Amino acid sequence: MLGKRGFKPARGGGGGGRGSQRPQRGRGFKGGRGGGGAGRRGPGGGSANKVMVVPHRFSGVYIAKGKSDALVTRNMVPGESIYGEKRIQVTNEEAESTEYRVWNPFRSKLGATIIGGVANMPIEIGSKVLYLGAANGTTVSHVSDMVGPTGMVYAVEFSHRSARDLTNMAKRRPNIVPIVEDARQPLRYRMLVGMVDVIFADVAQPDQARIVAINAYHFLKPGGWFIIAIKANCVDSTAKPEAVFAAEVDKLRKESCKPREQLTLEPYHRDHAVVIGQYRVKKKKAT
């Protein structure tokens with residue numbers, strides 16, 4: 001269950017529970033406990049040293065513990081890499097093999113968010129996610145792994161060039177619906193998207209708070225969660241990043257989006273922050 005905590009201001013990383021400690025650049029990601037299996041790195045995985053994969057505290061995410069620890073997701077399409085990421089084969093005591101894909105936080109803001117120590121992660125097994133700014137599908141593929149076959153990812157991308165890669169990937173992942181449209185115009189894809197549990201936005205536009213709000217109005221369930229990656233330079237290149245983040249949080253509040261937590265993404269993404277919150281939260285009745 002996700003904790004309903006008050007809004008947390010930006011922080012540079014740190015704790016967040018087992019399995020979420022933040023690594024130093026060039027060092028492995030450490031943390032997490034639980035059951036798992038020992039295995040070897042698959043093709044493209046480099047060293048054949050044994051690796052232990054254990055569950056992360058967030059649903060659908062795991063930690064590969066070896067010479068250097070790494071965040072991984074269970075590969076829905078074994079034998080296939082999406083962006084050249086390493087794959088790890090794990091065999092359990094019953095000789096059953098499972099493949100995991102290493103999640104590179106320098107290539108994914110959501111991956112950096114998890115490693116950075118975020119307290120809540122509403123994307124879980126079975127979630128329906130509206131992903132705005134899907135690009136060529138790097139992070140979308142890991143979200144696809146996270147939600148599994150019972151979940152769904154509606155991936156919106158405006159660039160036709162990036163959408164080609166996204167569409168080709170979706171052919172082998174039935175839980176991804178690629179949508180080549182402008183996220184500013186949600187009515188254009190209203191017939192393709194149902195009500196969702198989570199909106200993740202990485203659109204890098206000056207009006208990104210408005211884009212999240214208008215999509216939430218059409219598709220996000222009351223009490224549903226939003227995750228927005230804010231790139232300060234794309235909003236206002238003349239202001240300090242901290243001022244930009246604060247202004248965007250204020251805009252979200254005015255649109256019935258209640259921030260719960262804010263996290264900076266250094267050192268993985270410079271001048272970026274992620275804000276996680278809920279939409280149209282019901283007020284508790286006074287007793």
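1. Contacts come up first: in this predicted model, residues 24 or more positions apart account for 63% of the protein's contacts with a separation of 6 or more. A contact here means heavy atoms within 4.5 Å.

2. A word on ground rules: residues are numbered from 1 along each chain as its sequence is written, and side-chain values use heavy atoms, with hydrogens and water left out. Local features need pLDDT of at least 70 and side-chain atom pairs count only at pLDDT 80 or more, while totals for chains, interfaces and linings use all residues.

3. On confidence, pLDDT (the predictor's confidence in each residue, from 0 to 100) averages 85 for the protein, and 82% of the residues score at least 70. Please read residues 1-6 with care: pLDDT is below 50 there, and the stretch has 11 contacts beyond near neighbours in sequence.

4. The protein has six helices and 13 strands; these are DSSP runs (helices H or I, at least four residues; strands E, at least two), numbered from the N terminus. Of its 287 residues, 50% are buried. Buried means under 20% relative accessible area, exposed over 50%, and partly exposed in between (1.4 Å probe, protein chains only).

5. Helix α3 (residues 160-170) is a nice one to look at: its buried residues are Ala 163, Leu 166, Met 169 and Ala 170. Seen down the axis of α3, they fall within an arc of 120°, so they line one face of the helix; the arc is that of the directions from the helix axis to the C-beta atoms. These buried residues pack against α2 (138-147), β8 (152-157) and β9 (176-180). The face turned away from the buried side carries the exposed His 160, Arg 161 and Arg 164.
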